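Open the model in your viewer and keep the selection panel at hand. The tour goes from one selection to the next.

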Amino acid sequence: MNPIFYAFAFLLFVAVVLGIEGVYQWWNSHHGPTARRLDQRIRALSAGAHVHGERLSILKERMLSNSAPLHALMLRVPRIHAIDRIVVQSGLSHTVGRLVMHSVAAVVVVLLAASFSPVPVPTLVMVLAVAAALAFPTLRVLRARARRLRVLERQLPEAADMISRALRAGHSFSSAIGMLGNEFAEPTGGEFRTVFDEINYGVTMNEALLNLATRVPVRDLRYFVIAVLIQRETGGNLAEILDSIASLVRDRLRLFDQVRVLSAEGRLSAWIIGLLPFAAAGAMNLLNPSFLSVLWEDPAGLKVIESVFVSMLFGVLWMRRIVRIRV
């Protein structure tokens, strides 16, 4: 065959391979593991809100959204960086812009489902469904944040013990924080690794610890930061102080677990009382659909549903306040 054909085929093969390699390199540089770790590190550092500087403020603006118009629009929202700090505290790979887009998409899905519904949807049910869809992404972030902060609180005594042992072994406090960040489990290891990185970037020890207390709103961790800051000003045996903090946190967590055990019956009763009306209504609707249809077909029935929902909402909030005991 013609040598030109072979040369063309070979060059085409090389071009395709190079094209695939170029696409892979682009994807890896923007969405690969290294890029994700760098993005999480930048977001965690910028969420401290105590380190002032031009470059840091640029990073804080960039992490609001990947879309420039949406980013410019969200900058006008008051306390937008506080919302972003909550997103960072959840540990999810989200931005504020993505959270907003998820909320809007959930509302659109609910509206489309209602428009294609074979039966007319009552206005009250429609409003409640839209409100639930709008709040669902935010509630998911808040739930992940609460779970992550609870894990941080549980890991704090072991972290304090590890720093104490490192100090007794002759390491400095900053190197002990670095060891904790590299060897301890997530999410506590990641937070202290951020503190160590901030110190290496030139932030003072006091500011790095204050940033830690801002990023992680755990009361026991704030006690830890306050104790370290006071010891740096007044002196003393920091290892013994950390041992005392670890013992105090363990005792408080043990008491909290005992309270949860004693209040388990009340919390279970609250769940049963809150879910029983919906279960009973669903069973009645399956057995005799015409029996409950008057509630959404008659105007008086809609008023009854509204009053029942409002009463149940107040009752659930009140029961939650009763069974939620702070230790």
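**Stop one: the pocket**

Select α7, α11 (219-234), α12 (238-262), α13 (264-287) and α16 (299-323): each of these helices supplies at least two residues of the lining of the largest pocket. Keep in mind that this is a predicted model. Which helix gives the most to that lining? Colour α7: with 12 residues, α7 gives the most.

Now show the whole lining, 43 residues. Centre the view on Arg143, Ala146, Arg150, Arg320 and Arg324, which lie nearest the centre of the largest pocket. The space inside comes to about 2200 Å³. Next, colour the lining by class. You should find 25 nonpolar, 16 charged and 2 polar residues.

**Stop two: a surface patch**

Select Val100, Val104, Val108, Leu112 and Phe116. Together they form a nonpolar patch on the surface. The accessible area of these residues adds up to about 460 Å².

Zoom in on Phe116. This phenylalanine sits in the loop that runs between α6 (96-115) and α7 (123-168). Is Phe116 buried or exposed? Phe116 counts as exposed, because its relative accessibility is 69% and the cut-off for exposed is over 50%.

**Stop three: Trp296**

Go to helix α15 (residues 294-297) and pick out Trp296. Trp296 is partly exposed, since its relative accessible area is 40%, in between the cut-offs of 20% and 50%.

Finally, add Thr123 to the selection and draw a distance between the two C-alpha atoms. The separation is 9.8 Å, although Trp296 and Thr123 are 173 residues apart along the chain.

Notes: Residues are numbered from 1 along each chain as its sequence is written. This is a predicted model: local features need pLDDT of at least 70, side-chain atom pairs count only at pLDDT 80 or more; totals for chains, interfaces and linings use all residues. Side-chain values use heavy atoms; hydrogens and water are left out. Patches are made of residues with over 30% relative accessible area and no salt bridge: like charges are joined within 9 Å, nonpolar side chains (Val, Leu, Ile, Met, Phe, Trp, Tyr) within 5 Å. Accessible areas come from the Shrake-Rupley method with a 1.4 Å probe; for residues, only the protein chains shown count as cover. A salt bridge is a side-chain nitrogen of Lys or Arg within 4 Å of a carboxyl oxygen of Asp or Glu. Helices (H or I, at least four residues) and strands (E, at least two) are DSSP runs, numbered from the N terminus. Buried means under 20% relative accessible area, exposed over 50%, partly exposed in between (1.4 Å probe, protein chains only). On a 1 Å grid over the protein atoms alone, a cavity is a set of points where a 1.4 Å probe fits but cannot get out, and a pocket is an open set with protein on both sides within 12 Å along at least five of seven lines; lining residues have an atom within 4 Å of a point. Grid points are joined across faces, edges and corners, and a volume is the space filled by probe spheres set on the points. Ala, Val, Leu, Ile, Met, Phe, Trp, Tyr, Cys and Pro count as nonpolar, Asp, Glu, Lys and Arg as charged, and the others, Gly among them, as polar.
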